[in-house]
Amino acid sequence: MLEGLVKDFAEVFGDAHHVRAFFAPGRVNLIGEHTDYNGGHVFPCALSVGTYAIARLRNDREVNVYSKNFPEEGIINFQLDHLVYDEKDKWANYPKGVIREFVKNGYEPNAGLDVLFFGNIPNGAGLSSSASIELVTSVLLKALFRLQVEMVDMVKMSQKAENEFMKVNCGIMDQFSIGMGRANHALLLDCNTLSYTYSPISLKDATLVIGNTNKRRGLADSKYNERRTECEQALKEIQEHHSIQSLGDLTPSQFEEVKHHLSNDVIQRRAKHAVYENDRTKEAVHLLEMGDIKGFGQLMNDSHRSLRDDYEVTGLELDALVEAAWNQQGTIGARMTGAGFGGCTVNLVENAHLDEFLKNVKWQYEEATGLIPEFYTVEIGDGAREMNIG
Ligand code: GLA
């Protein structure tokens, strides 16, 4: 793979002298959805697919970026002294936003760059191709400019770039899991304190399968921001009576005691999801660590129902794909993953029933929606890093 990308670099930029290679994965969240910006817990893992970057320094202050995924856009050029969002730079705004955030934090690149990117995460599938390009940019900046910067700070700067430059008000889960991921482990992250632990994922007789609805998210960002606003309102209404910092501070029973303060049913259901999902996530990790895979799967199912009924971020396609999985013998658990409204599901399936699962879920989903789904087996890889070229 890298050898081919280095050749591509030479074709695009003339030669490939002094290039270095970098990689940042995509991520899939196993449980803990829409909890990160509510000060709760998440349990994601990094994937083995992601974004590659072949990069080298220039001796001027120009940045030239090229994506093998968007060859029709050609080389996109911008200046280190003019790091401003520009619609016509399309995808290149992601690396540009990250460079700007580095500069704002005192990590000043002192030369321009040529970079070739290639991503093998399905686009728009909710597996965080955007956080992946942000983190691969971060690790290449650190290496090429010999910056003394910790991964957790690169994670925060990448999230900031997404919030302020790209104007997507995401939480920290995606950037954190992509920066800090570890092969064969998922990461339990407390988004309030950023303390985290790794849990080995060894499923013995089962496999994690990602199902892609092939329904792009479309309006996701506006609804995403709407959910955030609703949760902020719920928090404010509770804070008028109780001193909590975030919805993640409440246990389900504490929530039941304070919920009458919430001004309407919608706000109440949104907050209920945030509180119960946080609790479910901690419980699910505990069960997994005890070897109770069935119990973990049950909580995945509960998570989906809560996202469908209380948080209302699923939609026809995600529900159809999850229901088809639930109908299938050998499905231990199934739920939507990521922001919702489209994108992917994550399924825990007994190996003995995997082939039927893939066949039956495909046709049932196709019949319900007219769309053809895709399935990928989850391989849990390491976080963002430099790669050795040959
Ligand atoms: C998107 C965001 C994350 C998180 C999830 C929902 O992936 O980028 O920060 O909020 O949605 O859990």
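## A loop residue and the basis of the model

N214 is partly exposed, with a relative accessible area of 34%, where partly exposed stands between buried, under 20% relative accessible area, and exposed, over 50% (1.4 Å probe, protein chains only). N214 has a positive phi of about 60° although it is not a glycine, and its place is the loop between β9 (206-212) and α6 (220-239); helices (H or I, at least four residues) and strands (E, at least two) are DSSP runs, numbered from the N terminus.

This is a predicted model, in which local features need pLDDT of at least 70 and side-chain atom pairs count only at pLDDT 80 or more, while totals for chains, interfaces and linings use all residues. Residues are numbered from 1 along each chain as its sequence is written, and side-chain values use heavy atoms, with hydrogens and water left out.

## Another positive phi

R146 also has a positive phi, near 45°, and is likewise a residue other than glycine. R146 belongs to the loop between α3 (129-144) and α4 (151-165), and with a relative accessibility of 73% it counts as exposed.

## The ligand and its surroundings

The shell around the ligand consists of R27, E33, H34, D36, Y37, C170, G171, M173, D174, Y224, G338 and A339, a residue being near a molecule if one of its heavy atoms lies within 4 Å of it. By residue class, this shell divides into five nonpolar, three polar and four charged; Ala, Val, Leu, Ile, Met, Phe, Trp, Tyr, Cys and Pro count as nonpolar, Asp, Glu, Lys and Arg as charged, and the others, Gly among them, as polar.

Oxygen atoms of the ligand come within short distances of protein atoms at R27, where an N or O atom in the side chain is 3.0 Å away, at H34, where a polar backbone atom is 2.7 Å away, and at D36, where an N or O atom in the side chain is 2.5 Å away. Taken alone, the ligand exposes 310 Å², of which the protein buries 94%; such accessible areas come from the Shrake-Rupley method with a 1.4 Å probe.

## Aromatic pairs

The structure holds eleven aromatic pairs, where rings of Phe, Tyr and Trp (its six-membered ring) pair if their centres lie within 6.5 Å, and planes under 30 degrees apart count as stacked, over 60 as edge-to-face and the rest as tilted. One of these pairs is formed by F176 and Y196, which meet edge-to-face at 5.4 Å centre to centre with 65° between the planes. Because F176 lies in helix α5 (residues 173-180) and Y196 in strand β8 (residues 195-200), the pair ties together parts that are 20 residues apart in sequence. F176 is buried, at a relative accessible area of 1%, whereas Y196 is partly exposed at 34%. Ring pairs also link F176 and Y196 with Y198 into a cluster.

F255 and Y276 form another edge-to-face pair, with ring centres 6.4 Å apart and planes at 90°. This pair ties together parts that are 21 residues apart in sequence, because F255 lies in helix α7 (residues 252-258) and Y276 in helix α8 (residues 265-289). F255 counts as buried at 1% relative accessibility, while Y276, at 24%, is partly exposed.

## Charges over rings

The ring of Y276 has a further partner, as K272 lies over its face at 5.7 Å from the ring centre. Elsewhere, the charged end of K96 sits over the ring of F78, 5.3 Å from its centre. A charge sits over a ring if NZ of Lys or CZ of Arg is within 6 Å of the ring centre and within 35 degrees of the ring normal.

Notes
Polar contact = N/O pair within 3.5 Å; in protein donor to acceptor, adjacent residues only side chain to side chain.
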